[in-house]
Amino acid sequence: MSEFDTLLVTGGAGFIGSNFVHVVAERTPARRVVVLDKLTYAGNAENLAGLDVELVRGDIADPEDVGRAFQATGTGGGGGAENIAVIHFAAETHVDRSIESALPFLHTNVVGTQVLLDAARERGVRRFVHISTDEVYGPIPDGVFTPEDDLLNPTNPYSASKAASEHLVHAATITHGIDAVITRCSNNYGPYQFPEKLIPLMIANASEDKPLPVYGDGLCERDWTHVRDHCDAVLAVLERGRAGATYNIPGNTHKTNLEVLHFLLDVLGKPRSLIHHVKDRPGHDRRYAPDGARIQSELGWTPSRTFDDAMEETVRWYQDNTDWLERVRSGEYRNYYERHYGERLKT
Ligand SMILES: NC(=O)c1ccc[n+]([C@@H]2O[C@H](COP(=O)([O-])OP(=O)(O)OC[C@H]3O[C@@H](n4cnc5c(N)ncnc54)[C@H](O)[C@@H]3O)[C@@H](O)[C@H]2O)c1
């Protein structure tokens, strides 16, 4: 393998990053993988168990930590990274937490991205794949699908920090000629997702016959992508994407939160009476709907999984991995859950 024979994966101990490392190990086992991850509450080294990867614990916003990660790939400063690609997943990712406290989002998502871009430029990294989100478009009216050239209109600190990081990546391609590609995927589901997010939260609560806290009327609509489809798309973008381009990654499955919950409850054999409507998230975007025409026409990529099968498989994964779920919920998760949902669930 000549190109991209080494991958520096940031955030590789988180949900999507760890799934990506699993997919790389299966598809292209000759590739060397170094993971740089701060192991925040959302990162878990256990997600990489059994894989031949080097995990460097560090902060993407700290140039020394980033330097250590590059050293682990076999490159020091001043060049030598011609076959290396950076796949940048690391981020603070939970919208509700960004509403409580935005600064950690600016530190990691904005400053961290710039530190990585600087380090990649100094070392002559071959390609930088920046993982972004369809949330940067803001709320989209019914019947409309957003192509990549649409205006960015983020409405919460998380999506604003992701949009800011995209602008920095774009600026680095124009100003410094970095070979960078940006991806914007829709909502992911699958194994190893931290249980503050909708799908594992609801599976965990329903399995214990606890109420499912649904924001507002539950009619916010999202496009759902299985995490492995997302990872396949990132590999396609890494290998064949156009330098400087941005690609939406849609799952082509549009569902309201209530539709998703009804599906989960049916699979679990639990009653719909577990659904408990709670006070809505401030500024909650009603609908996202990324258009997948570009990635389909340029790279021949479309999602390969159907929602029903892949979501049922996901429910089974959480049922088969209750130890994992218990361990990740034993940290600061319970404090967060109580702080965030305690009062909401009383009304
Ligand atoms: N989850 C989704 O539905 C979704 C959809 C589209 C795009 N994305 C994007 O995909 C990427 C990964 O999302 P995820 O859901 O896997 O997130 P996650 O919260 O599960 O994982 C984030 C990982 O980043 C690490 N991290 C956080 N701050 C760090 C720092 N300063 N330095 C180094 N590592 C740090 C964490 O320890 C964790 O391992 C993010 O960039 C996110 O914006 C997510």
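In this predicted model, aspartate 209 comes after helix α6 and has a positive phi, near 60°. Helix α6 itself covers residues 198–207. Of its 10 residues, 8 are buried, so the helix is largely enclosed by the rest of the structure. The buried set consists of Leu198, Ile199, Pro200, Met202, Ile203, Ala204, Asn205 and Ala206. These residues pack against two strands, β7 and β8, and against three helices, α8 (257–268), α10 (307–320) and α11 (322–329).

Strand β8, one of the packing partners of α6, spans residues 212–215. Its two faces differ in cover. Leu212 and Val214 form the covered face. Pro213 and Tyr215 form the uncovered one. Such a division fits a general pattern: in a regular strand, side chains alternate between the two faces of the sheet. Strand β8 pairs with β12 (residues 275–278) in the parallel sense, over 4 bridges. Valine 214, on the covered face of β8, has histidine 277 of β12 as its bridge partner.

Positive phi values also occur in two loops. Leucine 39 has a phi of about 50°, although it is not a glycine. It lies in the loop between β2 and β3 (54–57). Leucine 39 has 13 C-beta neighbours inside 10 Å and therefore counts as partly exposed. Asparagine 252, likewise not a glycine, has a positive phi of about 55°. Its loop connects β10 (246–249) and β11 (254–256). With 17 other C-beta atoms within 10 Å, asparagine 252 is partly exposed.

The overall fold comprises 12 helices and 12 strands. The radius of gyration is 19 Å, close to the 20 Å that the globule rule gives for 347 residues, so the protein is as compact as a globular protein of that length. The C-alpha trace spans about 60 × 40 × 35 Å along its principal axes. Buried residues make up 46% of the 347 residues. Among contacts with a separation of 6 or more, 81% join residues 24 or more positions apart.

One open sheet has 7 strands in the order β3-β2-β1-β4-β5-β6-β10, with parallel pairing. Strands β3 and β10 stand at its edges; each has a single partner strand, so one side of each is left without a neighbour in the sheet. Neighbouring strands are turned by 20° against each other on average, direction ignored. At one end of the order, β6 (residues 180–185) pairs with β10 in the parallel sense, over 4 bridges. Arginine 184 has asparagine 248 of β10 as its bridge partner. Helix α1 packs on this sheet and touches β1 (6–10), β2 and β4 (84–88). The direction of α1 makes about 160° with that of β1. Helix α4 also packs on the sheet, touching β1, β4 and β5. Its direction makes about 175° with that of β4.

A second open sheet has 3 strands in the order β7-β9-β11, with mixed pairing. Its edges are β7 and β11; each has a single partner strand, so one side of each is left without a neighbour in the sheet. Here neighbouring strands are turned by 50° against each other on average, direction ignored. Strand β9 (residues 221–226) pairs with β11 in the antiparallel sense, over 3 bridges. Glutamate 221 has threonine 256 of β11 as its bridge partner. Helix α7 (residues 227–240) packs on this sheet, touching β7 and β9. Its direction makes about 70° with that of β9.

The ligand is surrounded by 31 residues, of which Gly11, Gly14, Phe15, Gly43 and Ala91 come nearest. Five elements each give two or more residues to this shell: α1 (15–27), β2 (32–37), α4 (103–123), β5 (127–133) and β7 (187–189). Helix α1 gives the most, with 3 residues. The shell divides into 14 nonpolar, 12 polar and 5 charged residues. Among the contributors, α1 packs on the parallel sheet, as does α4. Strands β2 and β5 belong to that sheet. Strand β7 comes from the mixed one.

Conventions:
Residues are numbered from 1 along each chain as its sequence is written. This is a predicted model: local features need pLDDT of at least 70, side-chain atom pairs count only at pLDDT 80 or more; totals for chains, interfaces and linings use all residues. A residue is near a molecule or strand if its C-beta atom, placed from the backbone, lies within 6 Å of it. Ala, Val, Leu, Ile, Met, Phe, Trp, Tyr, Cys and Pro count as nonpolar, Asp, Glu, Lys and Arg as charged, and the others, Gly among them, as polar. A residue is buried if 20 or more other C-beta atoms lie within 10 Å of its own, exposed if 12 or fewer, and partly exposed in between; C-beta atoms are placed from the backbone. Two strands pair if DSSP finds at least two bridges between them. Two residues are in contact if their C-beta atoms, placed from the backbone, lie within 7 Å. The radius of gyration is taken over C-alpha atoms; the globule rule is 2.2 Å times the number of residues to the power 0.38. Axes are lines fitted to C-alpha atoms, for helices over the stretch in contact, and angles run from 0 to 180 degrees between N-to-C directions.
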